[in-house]
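Me: I'm new to reading structures, and I'd like a close look at one part of this one. Could you walk me through a single sheet, its loop and the aromatic rings that go with it?

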Amino acid sequence: MIRHLNSHLSHNLLFKTTILVLFSVSPSIIPQTNITSPVNALLTGLKFPVSLRFAPDGRIFYTEKDTGNIRIIQPNRTLLPTPFETITPIFSDGEAGLLGIALDPGFSSNNYVYIYYTYRDSGSFTHGHIVRYTANGNTGTRPKDIFDVTSSAPNTVYHNGGYIKFGPDGKLYAMVGEFHQDQQAQNQGSMTGKMLRINPDGSIPSDNPITGSLDYAWGIRNSFGFDFDSSNNRLIATMPGLYSDDKILIIIRNGNYGWPTCVGICNDSRFIDPTVDFNPVVTPTGIATVAPNSYIFGEYSTGNLVQLQLNATGSVLSMTPLYTAPGGIIAVELGPNNKLYFTTPDTIYTYDLPARPAANATDPSLVILGIIVIIAAAILVVYTALHYRSKRLRTHQQAETEMFRQ
């Protein structure tokens with residue numbers, strides 16, 4: 001009976017020790033999950049807010065796709081009734097319209113605001129156009145034409161690109177879709193289906209990959225968003241597919257992303273395969289860098305806001321849904337005070353980010369391996385201790401038996 005009781009106590013001790021080890025594993029090893037959704041509606045009842053930027057003084061500039069209005073949200077979170085500027089004429093059918101906005105890196109001193117929009121000429125060709133305004137308070141003044149591109153066919157309404165942003169190098173990057181003429185993405189004589197790199201005055205940078213060309217990367221169907229990760233000089237972009245193979249791309253200088261020759265993952269040395277390939281499609285839109293190697297993007301088809309974690313070489317560690325909006329997500333931007341901003345067709349939301357992901361997030365496979373090693377070590381230690389204790393107990397019992405025999 002004593003032997004059975006000791007065995008029971010030994011197994012009980014082993015179980016309790018294992019549970020204790022599991023619950024005491026460092027939070028730095030086991031990723032923590034945010035339980036509540038820190039989402040708030042900043043402004044509602046809006047007219048398709050498609051792109052937004054943050055001024056150093058706390059104002060938020062955003063564009064309305066269909067109206068041509070550039071609007072300003074004041075630091076007190078109220079919307080100015082009078083637009084900063086209204087673009088006219090504007091062509092806004094399909095995916096066209098007032099699509100992109102960027103503030104000059106020297107905005108505090110020069111007050112430059114860059115706008116990308118589409119218009120139609122007399123031949124029904126669609127143009128993607130960038131104009132620069134000088135902000136006089138909350139009013140746009142002195143418009144200056146910076147860039148213009150023309151579709152290769154008339155009457156196009158889709159794949160206009162339009163997202164613009166300044167890079168860490170001070171150059172203006174612009175995504176121009178192939179205007180629904182897919183072969184143009186592989187035509188290096190065309191600026192459509194390309195990521196462009198432009199001097200702030202509209203001229204061609206002397207260090208662009210192709211002399212005399214604004215083209216920075218090509219073979220791109222269309223994109224609704226991209227961002228820079230300054231920790232590793234990474235340029236990450238979304239790319240919706242047709243009926244399959246939505247993508248997230250890491251854009252490199254003079255890279256060819258395959259459209260329309262390569263639709264999915266092709267393992268073809270001529271093309272750069274996507275970092276993420278979605279099937280079925282989700283229509284990825286805006287994307288924002290929230291920490292080194294960590295990105296949050298929106299999906300228009302599902303309304304999902306998703307966090308993507310890569311390792312230092314660009315391989316996927318995890319994709320985690322964060323929130324589902326009641327409408328398709330369009331813009332996604334990291335704003336001041338660790339707030340993420342995202343838009344749907346009628347609302348601008350804020351998302352209070354949890355503690356930022358570590359600069360070098362742990363690979364989940366390494367996390368699991370680490371936990372297994374810790375548990376195995378704990379079990380080995382407990383087993384050794386119990387074995388030693390059991391051996392001592394047997395020796396003691398034998399001594400007692402010998403004593404009673406005498």
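Reply: Happy to! Let's begin at N233, which is exposed, with a relative accessible area of 73%. Please keep in mind that this is a predicted model. N233 lies in the loop between strand 14 and strand 15. The C-alpha atom of N233 is separated by 9.6 Å from that of I252, although the two residues are 19 apart along the chain.

Now for the strands around that loop. An open sheet is formed by four strands, in the order 14-15-16-17, and their pairing is antiparallel. Strand 14 (226–229) and strand 17 (276–278) are the edge strands, each pairing on one side only. On average, neighbouring strands of this sheet are turned by 20° against each other, direction ignored.

Let's zoom in on one pairing. Strand 15 covers residues 234–239 and strand 16 covers residues 246–251; they pair in the antiparallel sense over five bridges. If you would like to find a bridge yourself, start at M239 and look in strand 16 for K247, its bridge partner.

Next come the aromatic rings. The count comes to 13 aromatic pairs. One of them joins Y114 and F166, an edge-to-face pair with 5.2 Å centre to centre and 70° between the planes. Y114 belongs to strand 7 (residues 112–120) and F166 to strand 10 (residues 164–166), so this pair ties together parts that are 52 residues apart in sequence. Y114 counts as buried because its relative accessibility is 0%, and F166, at 11%, counts as buried too.

Back to our sheet: strand 14 spans 226–229, and that stretch takes in F226 and F228. The ring centres of F226 and F228 are 6.1 Å apart and their planes stand at 90°, so this pair is edge-to-face. What is the relative accessibility of F226, and is F226 buried or exposed? The value is 0%, so F226 counts as buried. F228 counts as buried as well, at 14% relative accessibility. The cut-off behind these calls is that buried means under 20% relative accessible area, whereas exposed means over 50%, which is why N233 falls on the other side.

F226 and F228 also have company: together with Y163, Y173 and Y216 they form one aromatic cluster.

Finally, here are two places where a charge meets a ring. The charged end of R132 sits over the ring of Y112, 3.8 Å from its centre. K65 lies over the face of F48, at 5.9 Å from the ring centre.

Methods
Residues are numbered from 1 along each chain as its sequence is written. This is a predicted model: local features need pLDDT of at least 70, side-chain atom pairs count only at pLDDT 80 or more; totals for chains, interfaces and linings use all residues. Side-chain values use heavy atoms; hydrogens and water are left out. Two strands pair if DSSP finds at least two bridges between them. Helices (H or I, at least four residues) and strands (E, at least two) are DSSP runs, numbered from the N terminus. Axes are lines fitted to C-alpha atoms, for helices over the stretch in contact, and angles run from 0 to 180 degrees between N-to-C directions. Buried means under 20% relative accessible area, exposed over 50%, partly exposed in between (1.4 Å probe, protein chains only). Rings of Phe, Tyr and Trp (its six-membered ring) pair if their centres lie within 6.5 Å; planes under 30 degrees apart count as stacked, over 60 as edge-to-face and the rest as tilted. A charge sits over a ring if NZ of Lys or CZ of Arg is within 6 Å of the ring centre and within 35 degrees of the ring normal.
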